[in-house]
Amino acid sequence: MNTRSGVAQRVDDLLVSEVEQILASVPYSAHLSSGDQELDEEYYVRHRIETIRRIRLTARVDALALARMIEEDYDSSRLWGRYTAEELNHDILFRNDLRYHGCSDETIDGTAPLQATRDLIAYLARRLDEIGSLAAVAYSLFVEWNSERVSALVVARAERRFSARHLKGARSHLHIDRHAGHYPMILAIAQKLAVREEDERHLFTTLKDLACLFGAYFRELHDVTVGKRTGGHSGPLEECARRPDVGASPVTGDQLT
Ligand SMILES: [Fe+2]
């Protein structure tokens, strides 16, 4: 039987190691948070557009997960419902920032999501059927951990490159995550849902799969921006040790654009 703090430590250890693997297999992904090179505006803006698309697409997954969680653990669903309702508005914060880069709502909404994002959403939809709401909780755990560990570096680097005005929404986002305690809250929900050993195994497998899917995202993000301009490529597609099966997507093209 695992203690709560034991699970927290193992989640942290796993995510540290998975993010290191992403940085090793797609070195350019470190460009957002560090490096001597000036932050590339096209790369940064495309990343933010995709962040917005992902927020909207995962909102659907989150809503389906709420319905599942109401049956699985009603108390957790109260927290999850509040959390996901708040997350529904976070696209607005990044939309406001993108205006300072000359990027309109029409441009954002008219940009097709990357294949990696489509794969991520298909994976989450399939996983939701297999393991229930824990699939969406694992995704939130991944992104909230990232927000706590990495986002402040990204925001500070982009503020130096552009201006504080360009990052007003992103900074508010950071503030909300910290002050509402999003990471500890999602971690608490995950621990409550993953009491059984089998569920805990599902949680860790899903986190690993998500890391693999984010690795594919950063590879594609590089290739459609910097790589396209310079003719470079982020390198051969290195397969994850356990490549996630994105399966047949119940999400139609219409829902993605
Ligand atoms: Fe958050």
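Begin by selecting helix α4, residues 90-99 (helices here are DSSP runs of H or I with at least four residues, strands are runs of E with at least two, and both are numbered from the N terminus), and colour His90, Asp97 and Leu98, which are its buried residues. A residue is called buried if 20 or more other C-beta atoms lie within 10 Å of its own, exposed if 12 or fewer do, and partly exposed in between, with C-beta atoms placed from the backbone. The buried residues cover an arc of only 100° around the axis, which puts them on the same side of α4; the arc is that of the directions from the helix axis to the C-beta atoms. Adding α2, α3, α5 (105-110) and α8 (168-179) to the view shows what the buried residues of α4 pack against.

Two remarks on what is on screen belong here. The model is predicted, and for that reason local features need pLDDT of at least 70 and side-chain atom pairs count only at pLDDT 80 or more, while totals for chains, interfaces and linings use all residues. Residues are numbered from 1 along each chain as its sequence is written.

Next, select α2 (41-72) together with α6 (115-131). Their axes come within 10 Å and cross at roughly 5°, where axes are lines fitted to C-alpha atoms, for helices over the stretch in contact, and angles run from 0 to 180 degrees between N-to-C directions. That crossing makes α2 roughly parallel to α6, since angles under 35 degrees count as roughly parallel, over 145 as roughly antiparallel, 65 to 115 as roughly perpendicular and the rest as oblique. On the α2 side, show Glu50, Arg53, Arg54, Leu57, Thr58, Val61, Leu64, Ala65 and Arg68, and on the α6 side Thr117, Ile121, Leu124, Ala125 and Leu128, which together make the contact; two residues are in contact if their C-beta atoms, placed from the backbone, lie within 7 Å. The residues of this contact of α2 with α6 divide into eight nonpolar, two polar and four charged, where Ala, Val, Leu, Ile, Met, Phe, Trp, Tyr, Cys and Pro count as nonpolar, Asp, Glu, Lys and Arg as charged, and the others, Gly among them, as polar.

Keep α6 and bring in α7 (134-161). The axes of α6 and α7 come within 7 Å and cross at roughly 130°, which makes α6 oblique to α7. Leu124, Arg127, Leu128 and Ile131 in α6 meet Leu134, Ala135, Ala136 and Tyr139 in α7, and the residues of this contact divide into seven nonpolar, no polar and one charged.

Centre now on Leu124, which, not counting residues up to four places away in sequence, touches Thr58, Val61, Ala135, Ala136 and Tyr139. Leu124 also leads into the largest nonpolar core, where, of 47 residues, Leu124, Ala135, Val137, Ala138, Leu141 and Ala190 touch the most other members; such a core is a set of buried Ala, Val, Leu, Ile, Met, Phe, Trp, Tyr and Cys residues joined through C-beta atoms within 7 Å. At least two residues of this core come from each of α1 (4-25), α2, α6, α7, α9 (182-193) and α10 (197-224), and α10 gives the most, with eleven residues. Apart from this core lies another, of seven residues, among them Tyr44, Val154, Val155 and Ala158.

Move along α6 to Asp119, which counts as buried with 20 C-beta neighbours inside 10 Å. Leaving aside neighbours within four places in sequence, Asp119 is in contact with Leu213, Ala216 and Val246. The C-alpha atoms of Asp119 and Leu213, 94 residues apart along the chain, are separated by 7.5 Å. Leu213 itself is found in α10 and counts as buried, with 23 C-beta neighbours inside 10 Å. With the same exclusion of sequence neighbours within four places, Leu213 is in contact with Ala116, Asp119, Leu120, Tyr123 and Pro244.

For the last stop, select Asp73, in the loop between α2 and α3 (74-87), which counts as partly exposed with 18 C-beta neighbours inside 10 Å. Beyond neighbours within four places in sequence, Asp73 is in contact with Lys192 and Leu193; the C-alpha atoms of Asp73 and Leu193 are separated by 7.5 Å, although the two residues are 120 apart along the chain.
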